Amino acid sequence: MVNIVIDGRKVKAKEESTILEVAQDLNIYIPTLCYHEELSSFGACRLCTVEVKTNGKWQLASSCTTPVEDGMEVQVNSDTAKETRKAAAALLLYKYPDTEAVREIARELGVEAVPAEAGTAHDCILCGMCVRTCQEIVGVSALSFRDRGPNRDIEEPEIEFDPNVCIGCGSCAFVCPTGFIQLEHEDDKRTIWNKVFKMVPCKVCGRYFAPEDQLRYISRTTGVAYSNLTTCTNCR
Amino acid sequence: MERVAFSSWNGKVIDDRKGGTTKTSKVVSYPKPANGEKMAALMGWNGLVLEDPKADVVSLTYNYIKEARKISCGECSVCMIGFDKILDLFDNMATGKGDKSDLTEIAAIAKYVAANSKCSFGRSSLYPVQDALKYFKDDFLELAKGERKIEALKYDVTVTAPCMEACPAKLDIPGYIELIRNNRFDNSLDLIRERCILPGTTGRVCTHPCEDACVRNDVDESLSIRLLKRAAADVDLESGGSALPAPRFEKDEKVAIIGAGPAGLAAAYNLRLKGYGVTIFEALPYAGGMAVVGIPEYRLPATVLSHEIDLIKRMGVEIRLNQKVDNLDVEKLKKDGFDAVYIAVGAHKGNPMGVEGEDQSCEGFVDGVEFLRDFNLGKPIDAKKKVVIVGGGNVAFDCARSCLRLGFKEVEIVYRRSRAEMPANDDEIDAALEEGIKINFLTNPSKIIVKDSKLDCCECIKMKLGKPDESGRRRPEPVKGSEFIMQTDMLICAIGQKPELPVVKADKALDVERWGTVKIDPATQMTNVDGVFAGGDCVLGPATLIEALDMGNKAARGIDNYLQGASTNGDLSFDGVDLAATRGGGYLVKESARKVDFLNPKKRIKNFEEVEGGFAPSAAMTEAGRCLRCYRVVVWQKEQ
């Protein structure tokens, strides 16, 4: 355990836990768009920035990627921290003005002139949650970040989809905060990232409950026979 | 230009626009054109500098932001969107739709991007824009009022980083690390190959000066840059190995390369990529030069290097083995259809120690590189009881660790200075000590004692360190009367090498430096003989693999310019500029480097198996995540 001071409260925190995790345990709210407790932290949205003091010096840090240190002081709601988070939300809104998830956080952080009505766009805000889910939870890495930098002649960064390894599980669509990733069902077909998957009916109730590719993948990685996997969770 | 009109480099403001007397030398060192050309103005990550007081700061600022935006990766929202919004505000003003509140907003965005970006690039790169807005306010107000235009400036862009600048071949290190982090090992390898055609080889044996320059050293420890490069190469090799790009078109000209070592191979690859016909003449029965006959298997498995050479051959580079070129007849080569020649014969001849009784032909006394070459080419070595190796460089350690593996019971190194001055890599020294090799510091042979044309023993003398010499290392001086006899069955001398150059037959004699290396023009890589270029160890003296690759890359550009009549663009020199220094702050999380496994010292000395393990892809991705992305962008205008 380490001793830290967060918003004036002296607390003991688990070593290697992040500032965000400690704050959440204490019911201190910090906004986020790219954080998920089941995923590694990425620090993309810059909405969880707080002020930390170590060795006598106050500095800004993204709370989702910063582990607590003994003697660390944290100010979640200092003026600087709040202004910095608001500026980050304003920039996100500038780029994705019609995406509701962005509007919502901009309203919450006090960005001026955010439309009151819900946005109708579903832009990808490059939070990378889908990439991390696919890699860390599903374990197939069908999605990857394609960013710029010298010698990479692409205009805009994007999430790239590899249809050869996708198993159609839909986890990315589930985790996507803006609805950019669409999952569509029609009869025995599921479409995601423009790839069509054949769905398997439940042996018991007949409901199309999972893509065949996903069940084959689970069978392959767990060693459970494919025939034992074709019953849906409701009927198991 | 002698005078600096304005500088905010490093945050230190010097304002002499009205005609002061500040000399450039009084300003903190800032980047300057490498070829000594005059510069009008520059904007870089750490400030704005005007040598010409009339330089157009508004247009320079706009173009700097445009160029820097290309480096903003888009992974964190504030940096890329911040750049985009600033550019939009500029465009607004330039088209007469803006007003002065836009300037306030640009300054505010610049502040927040610096405060809240994820990487060092985002945190540092907008300070010069803030400087420009503050000190050239009137010019920007004119823009806001529609009284000024953004001009299409002619400018140059340099993108570097502390690690890139430290790398002799200037690999785009943050770039290939970022691609590994994003699970794009194939793209990463493509990027590495642009400047390093032996990635698996350098990924194992590079002396990695990049790691010494890594900004992480100030936080925790350097990234394992070398091992990340190795990971990109290993992933590729394990999946069967990708091909090198094919030349887009063929050219009529042909180039002859003497020597298939790293310099020759790098030149061959780059020339072939440009469409030239390339033939390499190699004296030895294998291609690879010092990398194949100088580096033992336990550091660099032969299959790694041979695979990388195969790829170059598959591009259409012809390698003629066992073709030693003793006489280089330039006219004859031209008649045979070669339009340029590249001499890259390396430095394979050991230097003598200059001590009494030194007789190269006596049994039991051998030269270091010759010893490594012989056993790497398969010559049987009769392992005796004890061997003593003289020297403190990597060759000495390669000999010592090889001898241990060949079955010598006692292996000792004799070095005339102390560990601090030892030129071998620290990793090598540590590994040798772990394996039980004894190092006698401050000791030097003083006499070789030969009996019946066989080595009998070696007389050594103790040394002490005096004042620093030209190399900055303290000069070793013998301690009078401290001579002693060191018994040994074999003595290997590894105190440096020099080239064995072919005799060049041309209209004039080849210019050679006094230590026997070829003299070249660094701007063109050409020797004094027209159409004859040289590089690698035969120019540098014994140097590193990455330096040889760099020379090969440069020679290819030089030869291309020579054959096509073009010249290269000027680069910036960062001499005296601290690339690690930025005005950006932000908390940095401490995180140690991922480690790899090494074979157990007791077991590994019994064979030539590769000692160091590599990163698994997942470990490489995590390690890559530690990169701070210290890209530095500089946009500069030559004096018109």
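In the predicted model, the buried residues of helix α3 of chain A pack against α2 of chain A, which spans residues 79-95. Helix α3(A) itself covers residues 100-108, and its buried residues are A:A101, A:V102, A:R103, A:I105 and A:A106. After α3(A) comes A:G110, a residue whose phi is positive, near 80°.

Two packed helices are described by the angle between their axes and the distance between the axes. For α2(A) and α3(A), the axes come within 9 Å and cross at roughly 150°. Since angles over 145 degrees count as roughly antiparallel, this crossing makes α2(A) roughly antiparallel to α3(A). The crossing of these two helices is, in addition, left-handed. On the α2(A) side the contact is formed by A:A89, A:A90, A:L92 and A:L93, which meet A:V102, A:R103, A:I105 and A:A106 of α3(A). Sorted by class, the residues of this contact comprise seven nonpolar and one charged, with no polar residue among them. A:R103, one of the residues of α3(A) that meet α2(A), is also listed among the buried residues of α3(A).

Helix α2(A) also takes part in the contact between the two chains, to which chain A and chain B contribute 29 residues each. On the side of chain A that touches chain B, the elements giving two or more residues are the strands β3 (49-54), β4 (57-62) and β6 (143-146), together with the helix α2. Of these elements, α2(A) gives the most, with seven residues. The residues on this side of chain A divide into 15 nonpolar, ten polar and four charged. Helix α2(A) is thus described both by its packing with α3(A) and by its contribution to the side of chain A that touches chain B.

Turning to chain B as a whole, its secondary structure comes to 23 helices and 26 strands. The C-alpha atoms of chain B, taken along the principal axes, fill a box of roughly 95 × 60 × 55 Å. The radius of gyration of chain B is 28 Å, which agrees with the value near 26 Å that a compact globule would have with 640 residues. Of the 640 residues of chain B, 52% count as buried. Among the contacts in chain B with a separation of 6 or more, 72% are accounted for by residues 24 or more positions apart.

How values were computed
Residues numbered from 1 in each chain as written. Chains lettered and ligands numbered in written order. Predicted model: local features only at pLDDT ≥ 70, side-chain atom pairs only at ≥ 80, totals over all residues. Buried ≥ 20, exposed ≤ 12 C-beta atoms within 10 Å, placed from the backbone. Helix = DSSP H or I, 4+ residues; strand = E, 2+ residues; numbered from the N terminus. Contact = placed C-beta atoms within 7 Å. Rg over C-alpha atoms; globule rule 2.2 N^0.38 Å. Nonpolar A, V, L, I, M, F, W, Y, C, P; charged D, E, K, R; others polar. Axes fitted to C-alpha atoms, helices over the stretch in contact; angles between N-to-C directions. Parallel < 35°, antiparallel > 145°, perpendicular 65-115°, else oblique. Left-handed = near helix turned anticlockwise from the far one by under 90°.
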